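Work through the exercises below with the model open beside you. Try each task before reading its solution.

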Amino acid sequence: MEKAQACILAIESSCDDTSAAVMKDGVVLSNIIASQAIHAKYGGIVPEVASRMHQENIALVVDAALDKAGIQPDQLDAIACTAGPGLMGSLTVGLSYAKGLALSLQIPLISINHMRAHVLSHFIDDPVPVFPFLCLTVSGGHTQIVLVKDEDTFEVLGQTLDDAVGEAFDKSGKLLGLPYPAGPIIDKYASLGDARFPFPIPQIDGLDFSFSGVKTAIMYFLRDEKKKDPAFVANNMNDICASIQHTLVEILSRKIMQAAEEHHISEIAVAGGVAANSGLRRALGVLGEARGWNLYIPAMQYCTDNAGMIAMAGYLQFQKGRFSGLDAKPYVRGM
Ligand code: KG4
Ligand code: ZN
């Protein structure tokens, strides 16, 4: 089918990153992301602060995206925006801005589901996965295995029952006194250490995940070791990080392996900020090699929360003439 020509502005503000992107005929011309470093001060995301920062950033980020793309507002054909899931206040800022812009430019609005967009980020650059494929979406807010039958048909096969895996990295890091977000720091220290401290792998039915038990095990382990040696953490930081990372990666690897086997699928995609983790990339690479998987991990700028993936999802909706009314509402949950 001939693809419709379209120039789309996309906005993403579901959590703590304000992002805007411009996509022309399926090609990303710009993808601007303003991260909110302020949350590091609080050791995690403060929703009220996040929405206020979105308010400060959004016009600047949208202007920067148009500027970088060399696109004038009157050249836009539609505005795609994340409607959910996410933080209500944060979503409201982006969606209200998108509605205002769509109304003033007299172009349609396309509301986008953030979780679907993470999956569809795989269609931004070649090589693209072949349907049906499995997507492991792993970030600070999400941990899911999704069976993607086509670009509209998503079946969540499993998800976390408590913390997201990125949250597990960040909370473990907090126990070690590392700043937020601790995931990338744990990754760095882990590469220098040996995973010699065993933490239990939770036995959860089906394809669901649980990470809160690991966090508790780490907490008690550190408490006991620090009683014996107050300098335990400082003296063993690399090995502790390697052990934490090994455990979290093992949990993810086992479940995606199980999903691939149960569904006889060897097209495996990974999305979300934790896809940056070098231990996870290595483990899935080795597994994929042994099992004949085709493994897909998008460029880093499309793994973390970004409007490029919202633009991709919007572009696919545009092809089908599916638009949203200006009464589109933000939602906290749902795929
Ligand atoms: O996708 P993302 O930017 O935002 C959302 O949470 O939606 O993901 C951020 C999460 C944080 O929890 C961060 O610690 C984690 O991804 N992360 C990592 C790495 N880079 C980012 N976790 C482990 N290893 C990394 N290299
Ligand atoms: Zn996300």
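## Exercise 1: A buried histidine

H39 sits in the loop between β3 and α1 (47–69). This is a predicted model. Task: decide whether H39 is buried or exposed.

Solution. Step one: take the relative accessibility of H39, which is 0%. Step two: apply the cut-off, since buried means under 20% relative accessible area. H39 therefore counts as buried. Step three: place H39 against K174, which lies 135 residues from it along the chain. Their C-alpha atoms are separated by 13 Å.

## Exercise 2: The zinc site

Task: find which protein atoms are donors of the zinc ion (ligand 2), and state what kind of geometry the site has.

Solution. Step one: list the donors. They are H114 (NE2), H118 (NE2), H142 (NE2) and D305 (OD). They lie 2.1 to 2.6 Å from the zinc ion.

Step two: read their spacing along the chain. The pattern is H-x3-H-x23-H-x162-D. The pair H142 and D305 links distant parts of the chain, 163 residues apart. H142 is in the loop between β6 and β7 (143–150). D305 is in the loop between α9 (300–303) and α10 (307–319). Both H142 and D305 are buried.

Step three: check the angles. Among the 4 donor atoms they run from 92 to 154 degrees. Four donors count as tetrahedral if all angles lie between 85 and 135 degrees. The upper value of 154 degrees breaks that rule, so the site is not tetrahedral. The site is irregular. For reference, the ideal angle for four tetrahedral donors is 109.5 degrees.

## Exercise 3: The shell around ligand 1

Task: say how many residues surround ligand 1, and how they divide into nonpolar, polar and charged.

Solution. Step one: count the shell. It holds 17 residues. The closest are G140, D170, D187, N277 and D305. D305 is also one of the zinc donors.

Step two: sort the shell. It has 5 nonpolar, 9 polar and 3 charged residues.

Step three: look at backbone atoms beside oxygen atoms of ligand 1. A backbone N or O atom of G141 is 3.3 Å from one. For G183 the distance is 3.2 Å. For G273 it is 3.0 Å.

Step four: see how far the protein covers ligand 1. Taken alone, ligand 1 exposes 540 Å², and the protein buries 89% of that. The elements giving two or more residues to the shell are α4 (165–175) and α5 (183–190).

## Exercise 4: Unusual backbone

Task: find which peptide bonds, from F131 and from Y180, are cis or trans, and where the prolines lie.

Solution. Step one: recall the usual case. Most peptide bonds are trans, and most residues other than glycine have a negative phi.

Step two: take the bond from F131 to P132. Its omega is near -10 degrees, and the bond is cis. P132 lies in the loop between α3 (114–120) and β6 (133–138).

Step three: take the bond from Y180 to P181. Its omega is near -5 degrees, and this bond is cis. P181 is in the loop between α4 and α5.

Step four: turn to phi. D25 has a positive phi, near 50 degrees. D25 belongs to the loop between β2 (17–24) and β3 (27–35). It is partly exposed, at 28% relative accessible area. H264 also has a positive phi, near 50 degrees. H264 lies in the loop between α7 (232–263) and β9 (267–271). At 73% relative accessible area, H264 is exposed.

## Exercise 5: Three helix residues

Task: for M88, D239 and G308, state which is buried and which is partly exposed.

Solution. Step one: M88 is in helix α2 (residues 88–105). Its relative accessible area is 37%, so M88 is partly exposed. The C-alpha atoms of M88 and G70 are separated by 32 Å, with the two residues 18 apart along the chain.

Step two: D239 lies in helix α7. At 17% relative accessible area, D239 is buried. Its side chain reaches the backbone nitrogen of D194 at 2.8 Å.

Step three: G308 lies in helix α10. Its relative accessibility is 0%, so G308 counts as buried. G308 and G86 are 222 residues apart along the chain, and their C-alpha atoms are separated by 17 Å.

Definitions and conventions: Residues are numbered from 1 along each chain as its sequence is written. Chains are lettered from A and ligands numbered from 1 in the order in which they are written. This is a predicted model: local features need pLDDT of at least 70, side-chain atom pairs count only at pLDDT 80 or more; totals for chains, interfaces and linings use all residues. Side-chain values use heavy atoms; hydrogens and water are left out. A residue is near a molecule or strand if one of its heavy atoms lies within 4 Å of it. A polar contact is a pair of N or O atoms within 3.5 Å; within protein, one must be able to donate a hydrogen and the other to accept it, and residues adjacent in sequence count only if both atoms are side-chain atoms. Accessible areas come from the Shrake-Rupley method with a 1.4 Å probe; for residues, only the protein chains shown count as cover. Helices (H or I, at least four residues) and strands (E, at least two) are DSSP runs, numbered from the N terminus. Ala, Val, Leu, Ile, Met, Phe, Trp, Tyr, Cys and Pro count as nonpolar, Asp, Glu, Lys and Arg as charged, and the others, Gly among them, as polar. Buried means under 20% relative accessible area, exposed over 50%, partly exposed in between (1.4 Å probe, protein chains only). Donors are N, O and S atoms within 2.8 Å of the metal (3.2 Å for Na, K and Ca); water is not among the atoms, so sites may look incomplete. Four donors count as tetrahedral if all angles lie between 85 and 135 degrees; four count as square planar and six as octahedral if opposite donors are over 155 degrees apart and all others between 65 and 115; anything else is irregular.
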